[in-house]
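Visitor: I am new to this structure and should be grateful for a guided tour. May we look at the sequence and the model together?

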Amino acid sequence: MSSASFVLVIDFEPRSLAKTRAVLEQAGHTVRSASSGKELKEILEREMPAVVLMEPMLPGQDGFKLCQAIKRRAQVMPLTVIVASRIYRGARYRNMAKEAGADGYFERPQQDDQIMAIINRVVPRIENGTL
């Protein structure tokens, strides 16, 4: 499987993490998961996913600041960050995600059906070098 289909999911809620992971794996993506900013940083030290799908509400860490840090790191190699939140909703948080450098934002669970549409739209652009 190409590295372009490697998706890193970060979510503090185990059921949500398991559900998202299952959907992505069923579609053929390689998935790693983290439930904290610390775990995310440890994974990013070893591997570089094509996409990070993250809940910004994380234990002990501001997920929007974490998004900024990921995007700074991604200057060396392109990395797409999508904020997918159950907690933070509305235009204010959409703007915060955009200001943090996120490439996308959606609210869960109402928009969970968009996960695959977003990933499928992003991955070909990464593979083609147009992202």
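**A guided reading of the model**

Guide: Let us begin with Arg108, which lies in the loop between strand E7 (104-107) and helix H5 (114-127). Please keep in mind that this is a predicted model.

Visitor: Is Arg108 buried or exposed?

Guide: A residue counts as buried when its relative accessible area is under 20%. For Arg108 the relative accessible area is 3%. Arg108 is therefore buried.

Visitor: Which residues is Arg108 in contact with, leaving aside its neighbours within four places in sequence?

Guide: Contact requires heavy atoms within 4.5 Å. With neighbours within four places in sequence left aside, the partners of Arg108 are Asp11, Ser16, Thr20, Ala84, Ser85, Arg86, Arg89 and Ile115.

Visitor: In what order do the elements of the protein run from the N terminus on?

Guide: The protein has 5 helices and 7 strands. From the N terminus on, their order is β-α-β-α-β-β-β-α-β-α-β-α.

Visitor: Which helix gives the most to the largest nonpolar core?

Guide: The largest nonpolar core has 22 residues, and Ile10, Leu40, Val52, Met54, Leu66 and Ile70 have the most contacts inside it. At least two residues of this core come from each of strand E1 (6-10), helix H2 (37-46), strand E3 (51-54), helix H3 (63-73), strand E6 (80-85) and helix H4 (91-99). With 4 residues, the element that gives the most to this core is H3.

Visitor: How many residues does the second, separate core have?

Guide: Among the members of this second core are Val7, Leu24, Val31 and Ala50. In soluble globular proteins, nonpolar side chains tend to be buried together. The number of residues in the second, separate core is 16.

Visitor: Are H2 and H3 roughly parallel or roughly antiparallel?

Guide: The axes of H2 and H3 come within 12 Å and cross at roughly 5 degrees. Angles under 35 degrees count as roughly parallel. Therefore H2 and H3 are roughly parallel.

Visitor: How many charged residues does the contact of H2 with H3 have?

Guide: Gly37, Leu40, Lys41, Leu44 and Glu45 of H2 make this contact with Leu66, Ile70 and Arg73 of H3. By class, the contact has 4 nonpolar residues and 1 polar residue, and its charged residues number 3.

Visitor: What percentage of the residues of the protein count as buried?

Guide: The accessible surface of the protein comes to about 6900 Å², and 51% of that surface belongs to carbon and sulfur atoms. The protein has 131 residues, and the share that counts as buried is 44%.

Terms used. Residues numbered from 1 in each chain as written. Predicted model: local features only at pLDDT ≥ 70, side-chain atom pairs only at ≥ 80, totals over all residues. Heavy atoms only, no water. Core = buried A, V, L, I, M, F, W, Y, C linked by side-chain atoms within 4.5 Å. Buried < 20%, exposed > 50% of the residue type's maximum accessible area, 1.4 Å probe, protein only. Axes fitted to C-alpha atoms, helices over the stretch in contact; angles between N-to-C directions. Parallel < 35°, antiparallel > 145°, perpendicular 65-115°, else oblique. Nonpolar A, V, L, I, M, F, W, Y, C, P; charged D, E, K, R; others polar. Areas by Shrake-Rupley, 256 points an atom, 1.4 Å probe, with all protein chains shown as cover.
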